[in-house]
Amino acid sequence: MKKAAALIFGYNEYGIEIAKNVKYKYENVTVFSLSDMGFSIENKDDYDIEKFDVSDDWEHLKSEYEMQDSIIFCALRDEAENIFLTISLRSAFQESMIIALANNNEDANKLRMAGASKVIPIVETTAGIITDMLKKPIITEVLHGILYENSNLEIEQITVHNVEYFGEKFPADIEWHKEYNVIILLVIHEDMSSEFIYSSKTKHHYIKKGDIFVAVGYENDLKKFKKLVGDER
Amino acid sequence: MKFFNRLLIDFAYYLQNSVAYQQKRRFFYNLLENDEYKYKKYFDICMIILIFSSVSILIYEVKKDVHDYLNIFNSYVISFIFLIEYLLRLWVASSVSKVIINQDEYSDLLGREFDLWFVTKKILKEKFEYILSPKAIIDLLAIMPFFHELRLLRIFILFRVFKLFRYAKSFQTFSSVLATKKFEFVTLGMFASIVIFVSSVLIYVMEANDPNSPIKTLYEAFYWSIVTISTVGYGDVVAVSKEGQFVAVVVILAGIAVLAFTTSLFVSAFTEKLDDIKESKTIQDISKNKRVYLICGYENIAKEVAKKLLLAKFHVVVIDDSLQRVEDAKKDGLTALNYNPGSIESYAKLNIDMSVQVKAILCLREDDVANVYTALTVRSINTDVFIMSLLMNSKNRNKLIYSGVNEILYDKEFVGLVAREYVGQPVAFEAIHTLRSETSAIHMEEIAITERILAKYPTVEKLENIKYRIVLLGVHKKSSSKFFFNPSDDTELETGDFLLVIGNYMFIREFNKHLSHKGEV
């Protein structure tokens with residue numbers, strides 16, 4: 001039976017860090033290496049290591065993994081090879097989520113053109129985190145806890161199914177923080193455009209089925225809230 | 001005599017150990033000589049105003065009668081102030097008590113008698129060294145108008161203008177640059193003097209006996225030489241004889257050489273010193289900054305960090321041992337110096353108090369060896385300053401910790417965390433990313449609770465954030481250093497707490513104004 005997996009191309013420090021961090025979501029994590037030399041025995045339980053070639057036709061991936069539900073990371077250190085790999089994978093798997101690492105914004109554009117669904121520009125991301133730490137240390141610490149660490153506080157995207165629950169109310173009129181102990185930051189509409197909870201547009205938008213709330217709260221409160229709005233995935 | 005010597009030595013020790021005396025001496029030294037002293041500029045400005053008012057009165061009284069008060073002010077008051085200044089400078093120029101003590105210790109060590117005559121000579125030598133310095137001579141001449149009954153001495157008021165050299169830094173830079181070409185200027189002076197002397201004598205010999213020639217005296221010949229050699233050529237005094245005209249041709253040619261030599265000397269002196277002047281100006285600017293981020297190493301990540309900090313209007317200083325990278329930083333609009341971040345001397349040259357003026361040291365070379373070395377260097381100078389460092393290879397994490405780095409920045413870990421969140425909550429992640437991006441109108445801000453805010457808004461309930469369309473994510477309590485999410489209305493605020501708010505930046509600004517407003521609630 002085919003399985004969903006995280007497929008990480010690039011056996012380097014970036015690839016290994018990604019493997020460690022996506023393990024919680026994907027049972028099967030495979031790191032692909034361009035060479036079969038120097039495989040470390042560390043973290044052998046976290047991921048499998050396989051050799052690959054950028055000119056592969058990826059037939060073995062199709063046969064082994066459920067590619068539509070899998071996620072692909074292109075993390076080769078050589079930019080040209082990484083772009084070639086991204087194009088190659090995109091041509092083989094049109095529907096897959098491909099996340100590629102780029103050294104900078106210039107390479108990020110090329111990777112997007114090559115078909116990457118999401119690009120992480122390493123330099124800009126690192127610089128952004130460093131600057132946030134310096135400019136707004138408390139916000140950065142709190143968000144870091146919410147986003148990346150196993151704190152009780154979580155951020156969730158919650159899809160509204162039970163629209164009747166709200167009646168004909170505007171999101172800004174509900175005292176979410178008092179009623180449910182959650183804070184709604186954004187409302188994402190059907191067209192995937194996001195609006196701040198107190199923006200003028202949201203103030204005049206009735207809550208509709210399919211709207212997604214980006215909410216922050218404690219795990220239990222979020223669960224309860226999800227139940228109320230009918231998002232019980 | 002021995003008794004007198006003992007008395008003198010005891011008095012010298014008394015002065016040396018007297019806190020009040022040393023404080024006063026240090027105060028006057030700082031006020032007169034220390035450019036870093038914050039009150040010196042006010043003193044300098046006062047003196048400049050006195051100089052200009054003195055010269056203005058001199059100019060005014062050439063054609064008009066000046067009130068007696070102004071004359072008294074110009075001749076006595078200003079002169080008296082300058083006299084006090086002169087005496088203070090003479091006092092702080094060298095320490096008499098120190099010379100006496102040194103000599104006493106020296107005599108003690110060698111088992112000799114204290115030699116008063118030798119000490120007196122040494123003290124006088126040091127004081128005269130100061131008195132005969134060009135600046136002290138100008139100071140002394142500026143006091144001369146005190147004796148204004150001697151009409152000639154009034155012209156010494158103009159010497160007060162030269163005192164400006166003391167108070168304006170640019171004049172000092174100008175003279176120090178020219179001083180580097182002292183030998184060349186002396187050579188030029190000798191050459192010009194010889195040409196002027198020879199041409200004056202020659203033209204005098206050729207023209208003095210010609211009834212049609214305006215050159216009758218040696219003084220007129222000297223005047224003609226100067227006017228000709230400087231290529232000014234007024235034409236009021238000219239050579240009329242054939243021989244005199246020939247001398248004129250030779251002097252004109254020599255004049256061109258003198259002029260060209262002078263110009264090139266000035267230009268080369270400034271060109272050679274331009275980098276030094278720029279560097280000292282940069283250091284001066286840096287030392288004035290109250291809170292700077294010092295970036296050590298200017299590579300890819302450092303470039304982005306510096307760009308973002310500059311956009312947020314922070315003061316950023318880059319030091320790097322690569323000239324190319326320093327040039328890149330300058331092109332990017334940063335203050336950058338070609339100093340080695342791993343050298344203690346570099347930080348000494350910067351002339352900043354690290355504990356007070358540096359917000360953080362950012363070791364951003366993409367090389368762990370360089371970052372460890374820089375961090376250790378900084379830590380050896382200052383134990384408190386906050387150091388952040390990039391980590392390129394996870395195996396070196398401990399080395400950075402041992403070198404005293406407060407915050408380690410491992411880009412691979414950041415990428416891993418971003419990937420983690422993205423695979424888990426892609427929509428929420430993108431939304432938060434949008435909120436944090438600089439181009440978004442929605443900002444996340446920290447608002448510090450001050451005493452003024454606390455006086456009017458002691459609890460969360462009173463803040464009225466929703467009225468301002470602001471989301472209060474939580475409160476960071478100073479007392480516990482913990483973040484309290486969605487605080488209840490009765491949560492008490494304290495000075496030093498931070499409100500974490502999210503909203504349109506204009507509404508946040510209004511909310512901030514509302515909190516800080518002095519009026520009643």
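In the predicted model described here, A:V182 has A:G217 of β10(A) as its bridge partner. This pair belongs to a longer ladder: strand β8 (residues 182-188) and strand β10 (residues 212-218) of chain A are joined by six bridges and pair in the antiparallel sense.

**The sheet of chain A**

Strands β8 and β10 sit within an open sheet of four strands in chain A, whose order is β7-β10-β8-β9 and whose pairing is antiparallel. The edges are formed by β7 (153-159) and β9 (194-196) of chain A; each has a single partner strand, so one side of each is left without a neighbour in the sheet. From one strand to the next, the twist averages 30°. In general, the strands of a sheet pair through backbone hydrogen bonds, in either a parallel or an antiparallel manner.

A helix accompanies this sheet. Helix α6 (residues 137-147) of chain A lies across β7 and β10 of chain A and runs at about 60° to β7(A).

**The sheet of chain B**

Chain B contains an open sheet of six strands with parallel pairing, in the order β3-β2-β1-β4-β5-β6. Here β3 (335-337) and β6 (407-410) of chain B occupy the edges, each with a single partner strand, so one side of each is left without a neighbour in the sheet. Neighbouring strands of this sheet are turned against each other by 20° on average, with direction ignored.

At one edge, strand β2 (residues 315-319) of chain B pairs with β3(B) in the parallel sense over three bridges. Within β3(B), B:A336 is the residue that stands opposite B:V318.

Two helices of chain B lie across strands of this sheet. Helix α14 (residues 242-288) of chain B crosses β2 and β3 of chain B, at about 125° to β3(B). Helix α21 (residues 411-424) of chain B lies across β5 (387-391) and β6 of chain B, and its angle to β6(B) is about 65°.

**A hairpin in chain B**

Strand β8 (residues 471-477) of chain B and β9(B) form an antiparallel pair over four bridges. In this pair, B:G474 stands opposite B:F485 of β9(B). The hairpin of β8(B) and β9(B) has four residues between the strands, and B:S481 takes a positive phi near 55° in this hairpin.

The strand pairs described above are listed here.

| Strand pair | Sense | Bridges |
|---|---|---|
| β8(A) and β10(A) | antiparallel | six bridges |
| β2(B) and β3(B) | parallel | three bridges |
| β8(B) and β9(B) | antiparallel | four bridges |

**The interface of chain A and chain B**

How many residues does each chain bring to the contact? Chain A supplies 66 residues and chain B supplies 65 residues. Between them the two chains bury about 6200 Å², of which 71% is on carbon and sulfur atoms.

Polar and charged pairs also cross the interface. The rule finds 11 residue pairs in polar contact between chain A and chain B, both residues being at pLDDT 80 or more. Helix α5 (residues 122-135) of chain A gives the most to the side of chain A that touches chain B, with 14 residues. By class, that side of chain A has 40 nonpolar, 14 polar and 12 charged residues.

Over all chains the structure holds 26 salt bridges, and the count between chain A and chain B is two. One of the salt bridges links A:K178 to B:D489, with the closest N and O atoms 3.2 Å apart. A:K178 lies in helix α7 (residues 176-179) of chain A, whereas B:D489 lies in the loop between β9 (482-485) and β10 (498-504) of chain B, so the pair joins two chains.

Conventions. Residues numbered from 1 in each chain as written. Chains lettered and ligands numbered in written order. Predicted model: local features only at pLDDT ≥ 70, side-chain atom pairs only at ≥ 80, totals over all residues. Heavy atoms only, no water. Contact = heavy atoms within 4.5 Å. Buried area = accessible area lost by both parts, 1.4 Å probe. Salt bridge = Lys/Arg side-chain N within 4 Å of Asp/Glu carboxyl O. Polar contact = N/O pair within 3.5 Å; in protein donor to acceptor, adjacent residues only side chain to side chain. Nonpolar A, V, L, I, M, F, W, Y, C, P; charged D, E, K, R; others polar. Pairing = 2+ DSSP bridges. Axes fitted to C-alpha atoms, helices over the stretch in contact; angles between N-to-C directions.
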